Amino acid sequence: MSTLMSEDVEKRRRLTKIIAQVSRLGNYTLGRAFEREGLPISREQWDVLVMLWDKDGRAQQEFATFLLKNRASITSLVDNMEKNNLVTRVPNPNDKRSKLIYLTRKARDLKEQVVGIAEDAILSITKGIPLEEVEQAADLLTKCLENIMEYDESILEEQKGE
């Protein structure tokens, strides 16, 4: 173990490293599972599809908020989904400056197959972990996410004051 930081901080750093590794490898693995079936869908595109299957016709800002991504990243994500005929943009009747994102027939038709692939991947990734522990881990990681967002906000506030 490194002696760069105190033992307590090193143990906490290990958690943050594992979180990053799980996220990176989980995203990569899910993307490969879709790719294996000939589906051009990334992990982030999967999240967008799930949101649209739940409620079609969403503003891009909803995806940015959920995925914690900036507007440019979401625009690029939706552009790629549009190129793959998964979504289409339609002018927002309530705000001419924005567009709503809708599923294409292709994306609606792929729902069952895509959800099945994702379920298999999620079950494989969490294999051997009792549901109670999965829920505890989700609670722990939610607290970490809240702490990150709070810390980031304090940095932004500090920068504004400079």
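Visitor: Which residues are linked with Arg-58 in a network of salt bridges?

Guide: Asp-54 and Glu-62 are linked with Arg-58 in that network. Keep in mind that this is a predicted model.

Visitor: What makes the pair Arg-58 and Glu-62 a salt bridge?

Guide: Look at the distance. The closest N and O atoms of Arg-58 and Glu-62 are 2.7 Å apart. The cut-off is 4 Å between a side-chain nitrogen of Lys or Arg and a carboxyl oxygen of Asp or Glu. The pair is within 4 Å, so the name applies.

Visitor: Is Arg-58 buried or exposed, and how do you know?

Guide: Arg-58 has 11% relative accessibility. Buried means under 20%. Therefore Arg-58 counts as buried.

Visitor: Why is Glu-62 called partly exposed?

Guide: Glu-62 has a relative accessible area of 29%. Buried stops at 20%, and exposed begins over 50%. Glu-62 falls in between, so partly exposed is the right term.

Visitor: What about Arg-105 and Asp-109: why do they count as a salt bridge?

Guide: Their side chains meet at 3.9 Å, N to O. The limit is 4 Å, so the pair qualifies. Both Arg-105 and Asp-109 are exposed.

Visitor: How far apart are Arg-105 and Asp-109 along helix α5?

Guide: They are four residues apart, which means a separation of about one helical turn. An α-helix has 3.6 residues a turn, so residues three or four places apart point the same way.

Visitor: Where does a salt bridge join Glu-7, and in which helix?

Guide: Glu-7 meets Lys-11 at 3.4 Å, N to O. Both sit in helix α1, four residues apart. Glu-7 and Lys-11 are exposed. By the same 4 Å rule, the model has 13 salt bridges.

Visitor: Now helix α3. Which of its residues are buried?

Guide: Gln-60, Phe-63, Ala-64 and Leu-67 are buried in α3, which spans residues 60-67.

Visitor: How do you know that they are on the same side of α3?

Guide: They cover an arc of only 100° around the axis, so they lie on the same side. Thr-65 and Phe-66 are exposed on the other side of α3.

Visitor: What covers the buried residues of α3?

Guide: The cover includes α2, β1, α4, β2 and β3. Ile-74 lies in α4. Ile-74 touches Gln-60, Phe-63, Ala-64 and Leu-67, and also Lys-69.

Visitor: Why is Ile-74 called buried?

Guide: The relative accessible area of Ile-74 is 1%. That is under 20%, so Ile-74 is buried.

Visitor: And Asn-92, in strand β2: why does Asn-92 count as buried?

Guide: Asn-92 has 12% relative accessibility. Again, that is under 20%, so Asn-92 is buried. Asn-92 touches Ser-98, Lys-99 and Leu-100. The side chain of Asn-92 also reaches the backbone nitrogen of Asn-94 at 2.8 Å.

Visitor: Which residues form the nonpolar patch on the surface?

Guide: Leu-15, Ile-19, Leu-140 and Leu-141 form the patch. Together they have about 290 Å² of accessible area. Helices α1 and α6 each give two or more residues to the patch.

Visitor: What makes Leu-140 accessible enough for a patch?

Guide: Leu-140, in helix α6, has a relative accessible area of 44%. A patch residue needs over 30%, so Leu-140 passes. But 44% is not over 50%, so Leu-140 is called partly exposed.

Definitions and conventions: Residues are numbered from 1 along each chain as its sequence is written. This is a predicted model: local features need pLDDT of at least 70, side-chain atom pairs count only at pLDDT 80 or more; totals for chains, interfaces and linings use all residues. Side-chain values use heavy atoms; hydrogens and water are left out. Patches are made of residues with over 30% relative accessible area and no salt bridge: like charges are joined within 9 Å, nonpolar side chains (Val, Leu, Ile, Met, Phe, Trp, Tyr) within 5 Å. Accessible areas come from the Shrake-Rupley method with a 1.4 Å probe; for residues, only the protein chains shown count as cover. Buried means under 20% relative accessible area, exposed over 50%, partly exposed in between (1.4 Å probe, protein chains only). The arc is that of the directions from the helix axis to the C-beta atoms. Contact means heavy atoms within 4.5 Å. A polar contact is a pair of N or O atoms within 3.5 Å; within protein, one must be able to donate a hydrogen and the other to accept it, and residues adjacent in sequence count only if both atoms are side-chain atoms.
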